[in-house]
Each structure stands twice: as structure tokens, then as C-alpha cells.
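Trainee: I'd like to go through this structure with you. Can we start with the rings and then move on to the charges and the surface?

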Amino acid sequence: MTTDCHRSILMWSTCLRDNPSSHEKTHDEGVLRTMAAPTSTATTPTARLPFGKLVAWAGAGLSAAANFIILGYTAIYCTDTLGLSPAIVGALLLVANLCNGVFGLVAAFIVDRSPETRWGKARPYEFAVLGIWLATWLLFSTPSSFGETGRIIWVFATFISIQAVFDTLLRANDNLYLARAFYGRRVYAKVTTRSGIITSLGAIAVTVTLPMVLNAAGKSPEGWSFAVLCFAVPLAAIGMSRFLFVKEVHLTADAGAPPVTIRDIMTALRGNVWIFAIAALQLVASAINGAGAGAYYFRYIVGNLGMQSIVLGAGLIILPTILLLPVLMKRVAISRIVMFGAISGVIGSVVNAFAGGSIPILIAGGLFTGLALLPVSYLISVIILDLCSYNEWKGNRRLESTIGAIVGIFVKVGAGLAGGFVGLALAVSGYDGTLDAQPPAANATIVALYSWFPAVLFVLIIVIMAIYGRFDRHILPEAQADLEARDEALSATDEVILVPTPPVIVGGPAGVDPLPTLELAELERAAELEERAEDDTRSETPRTDAD
């Protein structure tokens with residue numbers, strides 16, 4: 001992996017009250033807008049997060065992170081264990097990821113049009129976790145008795161089922177699930193960052209132990225199959241924790257509205273060009289993560305794939321910085337936070353270029369690159385929901401799943417392009433996976449792919465965020481203020497307009513409430529004021545010598 005330490009961090013990456021459901025609506029440019037409202041047994045909107053709920057949410061992230069880490073070894077498994085040409089492997093990953101991108105929109109369309117069920121709208125798609133891990137084990141259990149064509153078909157079929165079917169459905173539901181399980185922009189940031197800490201603490205075990213286990217397996221097909229199975233079974237169970245323990249308790253602004261149409265999607269895309277800036281950001285970020293050069297670097301430049309565990313484990317040092325992200329969001333635009341991270345990535349990549357086989361220098365470079373994409377990794381859901389709020393402000397549908405899928409398409413394309421480029425570069429340099437040592441040209445290519453390639457991509461992120469800064473520093477604050485003013489106007493009106501709930505509402509019967517009693521906008525503002533007051537109190541509390 002090009003940014004091993006980042007990967008280790010990324011992947012490691014309220015009182016209950018019975019209240020009648022409240023619904024209000026307004027017409028903005030002919031589009032029905034339904035206020036987000038809880039169900040009849042909803043959780044009162046608050047800035048506080050129950051620890052148990054946070055742990056359950058993090059379980060899904062841990063499972064996804066571990067799967068991403070394991071799939072990062074697909075290329076070296078195919079070239080060194082299956083004996084496939086790196087050019088063929090690169091082309092295979094490129095085509096598979098392009099197919100994944102195409103299916104991304106289909107998956108989002110399916111999720112956005114899904115009916116309410118006894119479990120909610122987004123939550124049922126969590127069953128895709130089981131499919132992901134079954135297909136992952138099958139991928140790394142390619143029958144050695146197959147000929148080259150059979151091995152290629154097997155790898156392609158299993159890889160595309162993971163990425164284009166199961167993972168795509170899971171990603172398509174993620175933003176909608178977040179919006180229905182929690183309430184408010186700052187709460188979203190807390191969920192993604194604090195659950196990221198829990199995810200990281202669990203996934204660090206995977207990032208540290210996996211290289212050692214795979215190094216022990218060597219190039220044995222049976223060894224790789226058994227190793228992946230040992231990770232797949234427990235991580236599949238952990239991945240279902242979000243489905244089991246986190247319910248959908250809020251209706252988003254699109255709840256009760258007609259099903260999403262192609263016209264809704266095209267209207268939102270034409271009116272929100274900033275979606276493509278974030279899509280470009282994710283394309284470049286996924287290319288950095290998806291290059292897969294780290295495994296090659298440690299096997300052939302360092303001389304021991306197991307030593308990758310030390311560099312990955314060192315990433316634990318920067319883990320607490322995740323907690324700073326919500327604090328920084330109060331004072332600095334997300335675009336600036338991402339830019340600062342990319343600058344750190346450039347520094348770390350240059351350090352790696354001159355590290356050779358030195359583990360201390362690789363650790364130093366890894367710490368810089370580890371910081372680089374943390375903002376993108378843990379704030380992307382907040383960024384996507386900001387884009388959804390902009391859609392709402394413009395009078396269009398929010399389309400949480402659709403926008404997430406559009407961005408997800410570019411994630412897959414970026415990973416595919418990076419994988420294809422790495423495979424082509426290795427093939428041109430004379431790389432041969434059956435050899436224990438590579439020729440000088442191949443070694444030089446591996447070093448460049450591990451260092452200079454991501455350095456160039458980090459520079460591109462800086463440029464993209466400089467452009468996006470116009471939106472989140474100038475346009476977004478205006479949109480948020482206007483939406484807040486609309487909510488205040490709606491809460492002040494004496495007229496109550498009944499809006500029927502969807503056919504099935506999780507936690508209570510379907511129907512309407514003629515006397516809405518829960519004003520979410522006011523409660524969220526009150527919760528934020530309460531939290532700020534607590535922060536001020538803590539900062540003003542005198543510290544004793546014992547402290």
C-alpha cells in the first residue's frame with residue numbers, strides 16, 4: 001500500500017422518550033420538503049452519543065476497514081501466488097472497478113427507492129456484509145488446479161461480486177443510514193470520528209497481524225486461503241453489529257415524498273457541480289490507497305513482508321488526532337483541513353522515497369502519510385451530507401444514497417486506474433512474481449510507486465480542495481443559515497399541515513400526529529449550546545497541582 005500508516009489508521013477506520021411523530025412541510029420551487037422527524041419512539045436529538053450505540057456503529061466500520069486492508073493484497077496474491085502477469089492483474093482490477101462504478105448508481109437508485117420495512121429503509125442492506133466476507137474468502141481460495149484462464153475468471157467473478165454487488169449496496173445505504181440513525185451535522189462528525197477511534201483500535205490488530213500471517217503463508221495457495229478464513233469469520237460477525245443494535249429513528253427530509261426518479265437525480269446533478277469536486281477528491285484519494293505498492297515494497301525492497309506490521313503498528317501514535325477533527329471543524333473549513341493533510345502526505349511520500357530498507361525512516365514517512373488522508377476518510381460522510389443540504393437549499397431532493405454512490409463510483413474508478421497503472425508499470429519493468437528477488441528496474445519501479453506516485457496525487461488533492469474551498473467557505477454557510485431560518489419559520493407557524501408517514505415506521509404505528517411536540521431544529525441548537533457551555537466550563541475550571 002502506498003500510504004501504509006494512513007491505511008492502518010483509516011481501517012483500524014440521549015435519553016429515550018416516547019413522542020408522537022411530528023411532521024411539517026413547505027413548498028420550495030414546487031418541491032415538497034418534509035422536515036426530518038423522529039418516529040413515535042424516537043431518540044431526542046442531542047449532541048451526546050451513547051457509547052454502546054457508538055461501538056455498534058463502529059463494528060461495521062471495523063469490518064469494512066479490515067476487508068479493505070485484505071483486498072489490498074489482491075494484486076500480490078495474484079502475481080506471486082497464482083502466477084498471473086502483473087499486466088493481466090492490473091487490467092483485471094481496472095475492468096472490475098469500472099464495472100463496480102457503473103453498478104454504483106444502480107445500487108443508489110435501488111436504496112433511494114426502497115420502501116420502509118420493519119427494520120427501516122437503509123438498515124436491511126447491512127446483510128451485504130455477509131456476502132462481502134464469503135466472496136473475499138473465495139477470492140483468496142482460487143483453486144490451484146485451474147489453468148490460467150480459469151484462475152482469471154475466478155478472481156474476476158469473486159472480486160466483482162465483492163466490489164460491484166455487496167460492497168456497493170453497503171456503501172449506498174451508509175449516508176442514508178447515518179442520517180436516519182443520528183441527527184445534526186456536528187453529531188454526524190462525532191459519529192464518524194469517534195467511531196473511527198473505536199474502529200481503529202480494533203482494526204489495528206488486523207493491520208499488524210495480517211502481514212505476519214501472510215508472510216508465514218509465503219506463496220502457498222492453501223496458506224493464503226486459511227489465513228483469510230481466520231479473519232473472515234469473526235469480522236463478518238462484527239460487521240453485523242450495526243444492523244443488530246442501531247435502529248433508524250429519524251425521518252430525513254425526503255421521507256414521505258414520492259419515490260426518487262431519474263429526473264430528480266439529473267436535476268440535482270445539474271444544480272450541484274460541487275458533487276464532482278468531491279468525486280475528484282475521492283478518485284485521487286482512492287488511487288493513493290488502491291495502488292497496492294506497499295506489499296511489493298516490503299517483500300522485495302525491505303526483504304520481509306512481515307516487517308510491514310511494524311510500520312503499520314506505529315500508526316497508533318497518531319490515532320488520537322482523529323478526535324481533533326470535530327474541534328477543527330468549528331474553526332476551519334473542511335477544505336482547509338484536507339489541504340493541510342495533503343501537505344503532510346507530500347512530506348511523508350518524499351521521506352519514503354529515500355528510506356530504502358530503513359524501518360525507522362519508513363515509520364517517520366508513514367506517520368506523515370498516515371495523517372494525510374484522515375480528514376478525507378473520517379469527514380467524507382459530513383461532506384456528502386453538506387452536498388445534500390445544498391440540494392435541499394436549491395429546492396431539489398436531498399438524495400443521500402445517490403450522491404454517495406456517485407462519489408463511490410469515482411472511488412472505484414480511482415482504485416481501478418491505480419491498480420491498472422501499477423500492473424502496467426511492473427510489467428514494463430520486468431517484474432516476475434515467481435522470483436524471490438526482482439531485477440533492478442523492477443525494484444526502482446516499486447520504490448517510485450510507493451513514494452513519488454502518491455506524492456503527485458497529494459498535490460492534486462491540494463488543487464482540488466483549493467477549488468472546493470469556494471463552496472464550503474462561502475456558499476455552504478449561507479445555505480445552512482437559510483435552511484435554519486426556514487426551520488425557525490416553520491416552527492413558529494400556527495398552522496399544522498399533516499403529512500402521512502411512510503406505510504411502515506420503525507418503532508411505532510404508521511399515521512400522522514395532529515399535535516407535533518418535538519421541534520428538532522430547536523433541540524439540536526439547544527444541544528449544541530449545552531455542549532459549548534460544558535466546553536467553556538471545563539476550560540474555565542482551575543487546575544490543581546495534582547492535575
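Trainee: How many aromatic pairs does a search of the whole structure find?
Mentor: Keep in mind that this is a predicted model. A search of the whole structure turns up aromatic pairs, and the count is 19.

Trainee: Take Tyr297 and Tyr450: what kind of aromatic pair do they form?
Mentor: Their centres are 4.3 Å from one another, with 20 degrees between the planes. Planes under 30 degrees apart count as stacked. So the aromatic pair formed by Tyr297 and Tyr450 is stacked.

Trainee: How many residues apart are these two, Tyr297 and Tyr450?
Mentor: Tyr297 belongs to helix H12 (residues 293-302) and Tyr450 to helix H19, so to speak two distant parts of the chain linked by the pair. Both tyrosines, Tyr297 and Tyr450, are buried. Along the chain, Tyr297 and Tyr450 are apart by 153 residues.

Trainee: Within what arc do the buried residues of H19 fall, seen down its axis?
Mentor: Helix H19 covers residues 440-450, and its buried residues are Ala442, Thr445, Ile446, Leu449 and Tyr450. They line one face of the helix, because seen down the axis of H19 they fall within an arc of 130 degrees.

Trainee: What about the rings of Tyr390 and Phe471: which kind of pair is that?
Mentor: Tyr390 sits in helix H17 (residues 374-393) and Phe471 in helix H20 (residues 452-492), 81 residues apart. Tyr390 and Phe471 are both buried. Their ring centres are 5.3 Å apart and the planes stand at 90 degrees, so the pair is edge-to-face.

Trainee: Which residues do ring pairs link into a cluster along with Tyr390 and Phe471?
Mentor: Ring pairs tie Tyr390 and Phe471 into a cluster. The other members of that cluster are Trp274, Trp393 and Tyr468.

Trainee: On to charges. Which residue meets Arg299 in a salt bridge?
Mentor: A search of the whole structure gives three salt bridges. One of them has 2.8 Å from N to O and involves Arg299, which is buried at 13% relative accessible area. Its partner lies in helix H3 (residues 74-81) while Arg299 lies in helix H12, so the pair ties together parts 219 residues apart in sequence. That partner is Asp80.

Trainee: Arg242 lies over the face of which ring?
Mentor: Arg242 is in helix H9 (residues 241-245), and its side chain also meets Glu126 in a salt bridge (2.8 Å, N to O). Both Arg242 and Glu126 are buried. At 4.3 Å from the ring centre, Arg242 lies over the face of Trp57.

Trainee: Asp482 and Arg486 meet in a salt bridge too. Is Asp482 buried or partly exposed?
Mentor: The two lie in helix H20, four residues apart, about one turn of the helix. Arg486 is buried, with a relative accessible area of 19%. Asp482 has 31% relative accessibility, so Asp482 counts as partly exposed.

Trainee: Last one, the surface. Which helix gives the largest share of the nonpolar patch?
Mentor: Phe340, Ile343, Ile347 and Phe368 make a nonpolar surface patch of about 370 Å². Phe340 is exposed at 53% relative accessibility, whereas Ile347 is partly exposed at 39%. The largest share, three residues, comes from helix H15.

Key:
Residues numbered from 1 in each chain as written. Predicted model: local features only at pLDDT ≥ 70, side-chain atom pairs only at ≥ 80, totals over all residues. Heavy atoms only, no water. Buried < 20%, exposed > 50% of the residue type's maximum accessible area, 1.4 Å probe, protein only. Arc of directions from axis to C-beta. Phe/Tyr/Trp six-rings, centres within 6.5 Å; stacked < 30°, edge-to-face > 60°. Lys NZ or Arg CZ within 6 Å of the ring centre and 35° of its normal. Patch = residues over 30% accessible without salt bridge, like charges linked within 9 Å, V, L, I, M, F, W, Y side chains within 5 Å. Areas by Shrake-Rupley, 256 points an atom, 1.4 Å probe, with all protein chains shown as cover. Salt bridge = Lys/Arg side-chain N within 4 Å of Asp/Glu carboxyl O.
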